[in-house]
Every structure is written in C-alpha cells, then in structure tokens.
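Trainee: I have a structure to go through, and I want the reasoning behind each label. Can we test the terms one by one?

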Amino acid sequence: MMSNQSPAVRTTKNGAFVSLPISICCWLLLLISCSANASQRDADAGYARLQSWMRENGGRVNDRFGITEKDGIRGIQAFTDIEEGSELLFCPWHLVIGSSSLQDQMKPGDGMCSVVDEMAKEIRLGVDSLWFPYLDHIGGQRLPADFISEVLLELQGLLTTQDATRHLRWFDQRCDGELDGTAKQSLVAFISRASEVGMIPIYDLFNHHNGRRNAKLTVTEEGVQLLVVGNGGISSGDEIYLSYGLKTASTMYRDYGFVEEWPIAWNFQTAGGNNFAFLEFPDVVAINPSADLLRAVWQSNISLEEYLSLATTHTESLSSVDLETFVTAVENEHFPTTFEGDEVTLALLIEQEGGTIANDSSDNISDRISAIRYRMAHKKALASAKLYCNGILTKRMSMGSQEL
C-alpha cells in the first residue's frame, strides 16, 4: 500500500539518494527530542537531590537560580532578578573537601594531594559516602591529560605532551599514591572544579566568564559564601558566572577543556623564541596587553562596550613598528593543515562520532574533535588579530597620505 506522505530525501555515503517517509523522520526527531528531554530531566533531578542534601547538612541554596542548558552547555541561570550582594550559596566547612575552617584551609602541594586522595576514597565508598549526592553529580570531564599520544598530535604543537600531562606528572612526583582509574577521576575533577579552598558542592556547577562575572566566592568563619557582585545585580534569565582567573587559552583548555567566549588570552612563541600575546574581544583585539589592562579585565565589572573601549585604546596606542612586528610574527606561524582543511576533518569526525557506541574508541573520536576545535580557534584568533592590526596600519597610512 502506497503512502500519501511525501518522502524525505537524504544522501548515502556513496552519493546515492534514498527516501524516508516523513512519519519515520518525525519518529526519529521525536526520539532525539525525548532523549534530550530525558537527559535534562536527569540533570534537574540530580541537582534537586544535591540541593536538598546541601540544605539537610546545614548549607543554604538560593531558590532563584537553577540548572539550564544552552547550545549543549549546562550552566546556572537566574529565574528572577537577584540583587547585588545577595547570597547565592552557603556551604559549611564540614561539606568542603579540602578545608575544615577559616584557619585550616587547603594548602598548596601536600594539601592538594590530600584533597585528591580524600575525594578518591569517597568515590570508592559510593552510596555510603557523605558526599555521594555531590560526587555522583560530577560528570566525566575529559581533559588533554586523558588524550592518547595520537590525539595530542592533533593539537599541532599548541599544547605539548609535556604540558598536557603536567598534572599527571605532578601527582606522580608529589603525591604518595597510585593513579588508578578512581584516583585519576578524582584528579581530573580537582583540576577542573576545585576552588582556592578545595571542592565546594554546587559552587563548581557555575561556568566561567571573565567578561560577565557576576558572582564571587568569599570565606567566613562558618563556611564559604557565593555572593552576587557587579552593578545592578543579576537580571532574570541571565547566566550566573564565576571567574576561574585570567589565564591563557592553552591553560584554560588544558585545565578546563574549553576556550572561553571573551576575553580570550592567546599567546604564541615564534621559531626564534620571541613571545607574543593578545586579548581577543568581539571585533576588537588588544595586542601585547599591558599589566594594567590585564588587571582591568580581571578585576573590573564593566560593560562589554567599556571593555572594547579599553582594548581599542590600548592597541591604537602601540607604534606602527610594534603592530608590524606582530603581523610578521603571525605570518610566520605555520601549521600542517589549513583552517579550511580542519573544517572538513571536523565534519567527518562529527559524523563518525554520531555512529559510535560509548567506549574507548568513541572517547578518542570525541578527544580528536576537541583538539581540532581548539587548533581551529587558535588559527582563527591569529587571523583576526592580524586583520585587526592591518586595519589600524592601513588607516594610519591613509591619514599620512592625506596629510602629505
């Protein structure tokens, strides 16, 4: 019996066209939608359990925010307006893994080893751990430290094996313990989630953004607080952001597995050993940023327009020689592949990833995708910085010609 529904057309790998009934396509879309909704419901349920656990153990959680997802990235969003100075979260010291009081806070070195070790022990306890609702909520974040050597090559020298495995080597040299699967899970969680006082439940669910930071951690005699900062508080629908510190893009990628939206602190070294750095904003680039500019970016709570004004003023204050030197350095940066070639490779890997089941092989594909996206972001940033410098130089040449 013939269907009256129009077929949906797709292309197979060999180029042949096949048709699928609209009813099947709708069923597939519904299945995908249901899967995404189920994932969101699981996240909401896990957060609700974590929230209840925090309160049952003496903590406080503001009801005016919760977990949301945008473009596949989970974060914390305000449900209503939240005034400046409001408490978002309070975690008593006995729930912080790594510090027990204001006077006994996590110390560098051995203190950090102890946190990784304690967290691994609690993970092994499973449901018998006091922190189970928290540790069970922590996802399996993958960092360059997890990449196999073949995947690290996809970074094309932007992050060396030595740098990517820095934390693993630190654990091996400094901490007295074997890095088995659970210990490595604990170490990766510590690298990507720890605060200056250790592991703070719920606090580590907030995403990072130096340009839009609107929450800040403070320590008290009773525990740690997360407070709203900035002018005007937080508006309903806004994401709530922390700052993980002003770090280079390579460090952010190594320690957290992502490149931030803006400002992005890029750096590179030429074959001759000369170092160059620049801050990338939307449509503006600050070449060789000064210490004052870096402090302003990290410590200020100002609008994007004010950030752009600071960056523009700084770059336009540089001499033409400085700008030309930077452009030459960028032009001398060479990679085994082009940005356009990376786009093709990335598309093929994403297609391949969609057809694999979860195992070591699928992890390697996901890691390759991550590495290629990072190198593409680096190449795009270099091109943008060069274009911005050339724009200023062209403008100066034009003004000079008019004066003559």
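Mentor: We will take each label, set its value against the cut-off, and conclude.

Trainee: What kind of model is this, and what pLDDT does the protein chain average?

Mentor: It is a predicted model. The protein chain averages a pLDDT of 88, and 87% of the residues score at least 70. Residues 1-36 have a pLDDT below 50. Beyond near neighbours in sequence, that stretch has 22 contacts in the model. Where pLDDT is low, predicted coordinates should not be read in detail.

Trainee: How many helices and strands are there in the protein chain?

Mentor: The protein chain has 13 helices and 13 strands. Of its 404 residues, 41% are buried. Among contacts with a separation of 6 or more, 66% are between residues 24 or more positions apart.

Trainee: What makes C113 and C175 a disulfide?

Mentor: Their sulfur atoms are 2.0 Å apart. The cut-off is 2.5 Å, so the pair qualifies. The structure holds one disulfide.

Trainee: What is the handedness of the link between C113 and C175?

Mentor: Left-handed, with -75° about the S-S bond.

Trainee: Which parts does the pair tie together?

Mentor: C113 sits in helix α2, residues 110-125, and C175 in the loop between α6 and α7, so the link joins parts that are 62 residues apart in sequence.

Trainee: Are C113 and C175 buried or exposed?

Mentor: Buried means under 20% relative accessible area. C113 has 9%, so it is buried. C175 has 8%, so it is buried too. C91, at 0%, counts as buried, and C389, at 0%, does as well.

Trainee: Why is D292 called exposed?

Mentor: Exposed means over 50%. D292 has 53% relative accessibility, so it counts as exposed. D292 lies in helix α9, residues 291-299.

Trainee: What makes the pairing of D292 with R295 a polar contact?

Mentor: Their side chains make the contact at 2.3 Å. The limit is 3.5 Å, so the distance passes.

Trainee: Is Q225 buried or exposed?

Mentor: Q225 is at 18% relative accessibility, so it counts as buried, the limit being 20%. Q225 is found in strand β9, residues 223-228.

Trainee: Which side chain does the side chain of Q225 join in a polar contact?

Mentor: That of E87, at 2.6 Å. Not counting residues up to four places away in sequence, Q225 touches R60, E87, L89, F90, K216, L217, T218 and T220.

Trainee: How do you know that the span of α11 fits a helix of its length?

Mentor: Helix α11, residues 320-331, has twelve residues and reaches 16 Å from its first C-alpha to its last. That is close to the 16 Å expected at 1.5 Å a residue. In α11, L323, F326, V327, A329 and V330 are buried. They cover an arc of only 160° around the axis, which puts them on the same side of α11. An α-helix has 3.6 residues a turn, so residues three or four places apart point the same way.

Trainee: What is notable about the backbone at Q156 and I202?

Mentor: Most residues other than glycine have a negative phi. Q156 has a positive phi, near 50°, and I202 has one of about 75°. Q156 lies in the loop between α4 and α5, and I202 in the loop between α7 and β7. At 16% relative accessibility, Q156 counts as buried. I202, at 0%, is buried as well.

Trainee: What kind of peptide bond joins W262 and P263?

Mentor: A cis one, with omega about -15°. Most peptide bonds are trans. P263 is found in the loop between α8 and β11.

Key: Residues numbered from 1 in each chain as written. Predicted model: local features only at pLDDT ≥ 70, side-chain atom pairs only at ≥ 80, totals over all residues. Heavy atoms only, no water. Helix = DSSP H or I, 4+ residues; strand = E, 2+ residues; numbered from the N terminus. Expected span 1.5 Å × (residues − 1). Buried < 20%, exposed > 50% of the residue type's maximum accessible area, 1.4 Å probe, protein only. Arc of directions from axis to C-beta. pLDDT = per-residue confidence, 0-100. Contact = heavy atoms within 4.5 Å. Polar contact = N/O pair within 3.5 Å; in protein donor to acceptor, adjacent residues only side chain to side chain.
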